[in-house]
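Subject: A structure for you to look at

Hi there,

Here is the structure I promised to hand over. Have a look at it first, and then read on for what I found in it.

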Amino acid sequence: MPHPEQELLKAQLTLQIYRLIRQLGITQAEAGKVLGIKQPHVSALMRNRAGSFSVERLMEFLTALGQDVEITVRPARKPQGAVSVTA
């Protein structure tokens with residue numbers, strides 16, 4: 001993969017979206033209305049396929065689902081920094 005860190009981040013964000021939709025107990029069609037996307041795209045997200053959605057767009061989905069998204073930048077413990085998602 002050309003950008004494995006970004007793909008991992010997208011997968012982690014998508015997992016949070018999946019969990020929230022399940023927790024809310026809403027249908028994919030209802031989730032699509034909340035997120036502003038069509039049901040087939042919600043279906044792809046529910047199968048952990050972020051597809052062409054950017055990290056920024058996935059974060060917008062989280063805020064639409066009533067979540068705060070916080071980005072923290074701090075010095076890395078290793079020469080190369082890392083990206084992570086905490087819920």
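T14 counts as buried, because its relative accessibility is 1%. Please keep in mind that this is a predicted model. You will find T14 in helix α1. Leaving out residues up to four places away in sequence, T14 touches L45, N48, R49, A50 and L58. If you look back along the chain to P4, 10 residues away, the C-alpha atoms of T14 and P4 are separated by 15 Å.

Now for the chain as a whole. It has 4 helices and 0 strands, and reading along the sequence gives the pattern α-α-α-α. The C-alpha trace spans about 45 × 25 × 15 Å along its principal axes. The chain has 87 residues, and 28% of them count as buried. Take the contacts between residues at least 6 apart in sequence: 62% of these join residues at least 24 apart.

Back to helix α1, which covers residues 4-24. Does its length make sense? What span should its 21 residues have at 1.5 Å a residue? The expected value is 30 Å, and the end C-alpha atoms are 30 Å apart, so the two agree.

Which residues of α1 are buried? They are L9, K10, L13, T14, Q16, I17, L20 and I21. These residues cover an arc of only 155° around the axis, so they are on the same side of α1. On the other side of α1, the residues E5, R22 and Q23 are exposed. The cover over the buried residues of α1 includes α2, α3 (39-46) and α4 (55-64). Just after α1 comes G25, which has a positive phi, near 70°.

Another residue of α1 to pick out is Q16. Its relative accessible area is 16%, and it is buried because the cut-off for that is under 20%. Not counting residues up to four places away in sequence, Q16 touches L62, V85 and A87.

Next, the way the helices pack. Two packed helices are described by the angle between their axes and by the distance between those axes. For α1 and α3, the axes come within 9 Å and cross at roughly 110°. Angles of 65 to 115 degrees count as roughly perpendicular, and therefore α1 and α3 are roughly perpendicular to each other. On the α1 side, the contact is made by T14, I17, Y18, I21 and R22, and on the α3 side by V42, L45 and M46. Sorted by class, this contact of α1 with α3 has 6 nonpolar, 1 polar and 1 charged residues.

How do the axes of α2 and α3 cross? They do so at roughly 105°, and they come within 8 Å. These two helices are therefore roughly perpendicular to each other as well. Here α2 contributes Q28, A29, A31, G32 and L35, while α3 contributes Q39, V42, S43, L45 and M46. By class, the contact of α2 with α3 has 6 nonpolar, 4 polar and no charged residues.

One residue in that contact, A31, is a good place to stop and look around. It sits in helix α2, residues 28-35. Is A31 buried or exposed? With a relative accessibility of 0%, A31 counts as buried. Apart from its neighbours within four places in sequence, A31 is in contact with I21, I26 and V42. I21 is one of the buried residues of α1, and V42 is among the α3 residues in contact with α2. For a view across the model, try P75: A31 and P75 are 44 residues apart in sequence, and their C-alpha atoms are 37 Å apart in space.

Last, a residue with a curious backbone angle. Most residues other than glycine have a negative phi. N48 is not a glycine, yet its phi is positive, near 60°. You can find N48 in the loop between α3 and α4. With a relative accessible area of 45%, N48 is partly exposed, because that value falls between the cut-offs of 20% and 50%. N48 is also among the residues that T14 touches, which brings us back to where we began.

Happy exploring, and do write back with any questions!

Best wishes

Technical notes:
Residues numbered from 1 in each chain as written. Predicted model: local features only at pLDDT ≥ 70, side-chain atom pairs only at ≥ 80, totals over all residues. Heavy atoms only, no water. Buried < 20%, exposed > 50% of the residue type's maximum accessible area, 1.4 Å probe, protein only. Contact = heavy atoms within 4.5 Å. Expected span 1.5 Å × (residues − 1). Arc of directions from axis to C-beta. Axes fitted to C-alpha atoms, helices over the stretch in contact; angles between N-to-C directions. Parallel < 35°, antiparallel > 145°, perpendicular 65-115°, else oblique. Nonpolar A, V, L, I, M, F, W, Y, C, P; charged D, E, K, R; others polar.
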